[in-house]
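This report introduces a single protein chain to a reader who has not met it before. Attention is given to charged side chains and to one polar contact.

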Amino acid sequence: MDISIITPFYKGNDFIFLLTESIQKAIDQLKDKKLVEHIIVNDSPEYDVKLPEKLSYNLRVVNNNENQGIHQSRVNGLKHAKGEFIIFLDQDDTLTPNALKSQLYSIESSDICVGNGYFCFPNGDIKPIYKNKLMMRSLRREKPYIYVRDLIVSPGQVIIRKDSIPLAWKDNILKLNGTDDYLLWLLMLDERKKISFNEDYVYTHIDSGVNLSFNLKNMEKSMNELLSILKEVNYNSNKIKLLERRTSYKGKLLESTSKFSFDNVINLDIFLYNVYYRIFYGGNVISYKDMVKK
């Protein structure tokens, strides 16, 4: 088995047809269609997963005994995965037809490969996740993930070598949904895992209007839990302090009506790096204005 696609499912039957159709089309591009499996982890055990009648690829449903959240569901799926490579694809997102073929080709000797993709807003607007090649180059560097934000919109645009997934991510489960993928990238970067990028459009992130990433209060709580886990796993203390300062600083910026404040002075290093990142790489992946564009 080459690829295991793992999808946490929570009362998501409205998304299943588009999800499975996109996976089927991506599998059809491969010479050997039997080298891909799709594992749906049902995190709403009282709710039956309704699959399309005609599917010609390997799909299994794993049922959690109780609601356990996205992070635990991904880890549960991982325990059943037979593939050398993993794609964590959310129930409301889709792959492009060339996704699997392109990602398998592009990862080469890397531990993870981040593909480009599309961001689809509720009003129908579509924009690229990454604006240019320079922005994609920044994905391989740890500093922007700490000083700016999580640069990867969703793990669905990433193919991961299964053996490269840190044990600390599998053993320390976030109870609050929202930042488990960010925790994964931070741990992998800290372990100096090799990251490559793929300029092909391999993925579509569909903003259903209720995406957790755009619930700022929920993300703040989830980020605080992430920081607690990093302390427990002996993550570098200086990096933790930077992440704490950046989280607090950017939270205050979002609440402020002015871009210039005393916080810019006491967090001058973070402020200057964000200015540099915006000028050199082209700004955030998805801006705050995009977050509220509904």
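In this report, a residue is called buried under 20% relative accessible area, exposed over 50%, and partly exposed in between. The model is predicted.

**Salt bridges**

Side chains of opposite charge can pair when their charged atoms come close. The structure holds 11 salt bridges. The table presents some of them, including the N to O distance of each pair.

| Pair | N to O distance |
|---|---|
| K11 and E46 | 3.8 Å |
| R74 and D180 | 2.7 Å |
| E199 and K133 | 3.7 Å |

The side chains of K11 and E46 form a salt bridge. K11 is found in the loop between β1 (3-9) and α1 (13-28), while E46 belongs to the loop between β2 (36-42) and β3 (58-63), so this pair ties together parts that are 35 residues apart in sequence. K11 has a relative accessibility of 40% and therefore counts as partly exposed. E46, at 58% relative accessibility, counts as exposed.

In the salt bridge between R74 and D180, the closest N and O atoms are 2.7 Å apart. The pair links distant parts of the chain: R74 is in helix α2 (residues 69-80) and D180 is in helix α7 (residues 180-190), 106 residues apart. Both R74 and D180 are buried.

A salt bridge also joins the side chains of E199 and K133. Because E199 lies in strand β9 (residues 195-206) and K133 in helix α4 (residues 133-137), the pair ties together parts that are 66 residues apart in sequence. E199 is partly exposed, its relative accessible area being 42%. K133 has a relative accessibility of 39% and so counts as partly exposed. Elsewhere, R74, D90 and D180 are joined into one network by salt bridges that share partners.

**A polar contact of N218**

Where does N218 lie? N218 is part of helix α8, which covers residues 216-232. Is N218 buried or exposed? Its relative accessibility is 19%, and N218 therefore counts as buried. The side chain of N218 reaches the backbone oxygen of N177 at a distance of 2.9 Å.

**Summary**

Among the salt bridges described, K11 with E46 joins two loops, and R74 with D180 joins helix α2 to helix α7. The pair of E199 and K133 ties strand β9 to helix α4. The side chain of N218, a residue of helix α8, contacts the backbone oxygen of N177.

Methods: Residues are numbered from 1 along each chain as its sequence is written. This is a predicted model: local features need pLDDT of at least 70, side-chain atom pairs count only at pLDDT 80 or more; totals for chains, interfaces and linings use all residues. Side-chain values use heavy atoms; hydrogens and water are left out. Helices (H or I, at least four residues) and strands (E, at least two) are DSSP runs, numbered from the N terminus. Buried means under 20% relative accessible area, exposed over 50%, partly exposed in between (1.4 Å probe, protein chains only). A polar contact is a pair of N or O atoms within 3.5 Å; within protein, one must be able to donate a hydrogen and the other to accept it, and residues adjacent in sequence count only if both atoms are side-chain atoms. A salt bridge is a side-chain nitrogen of Lys or Arg within 4 Å of a carboxyl oxygen of Asp or Glu.
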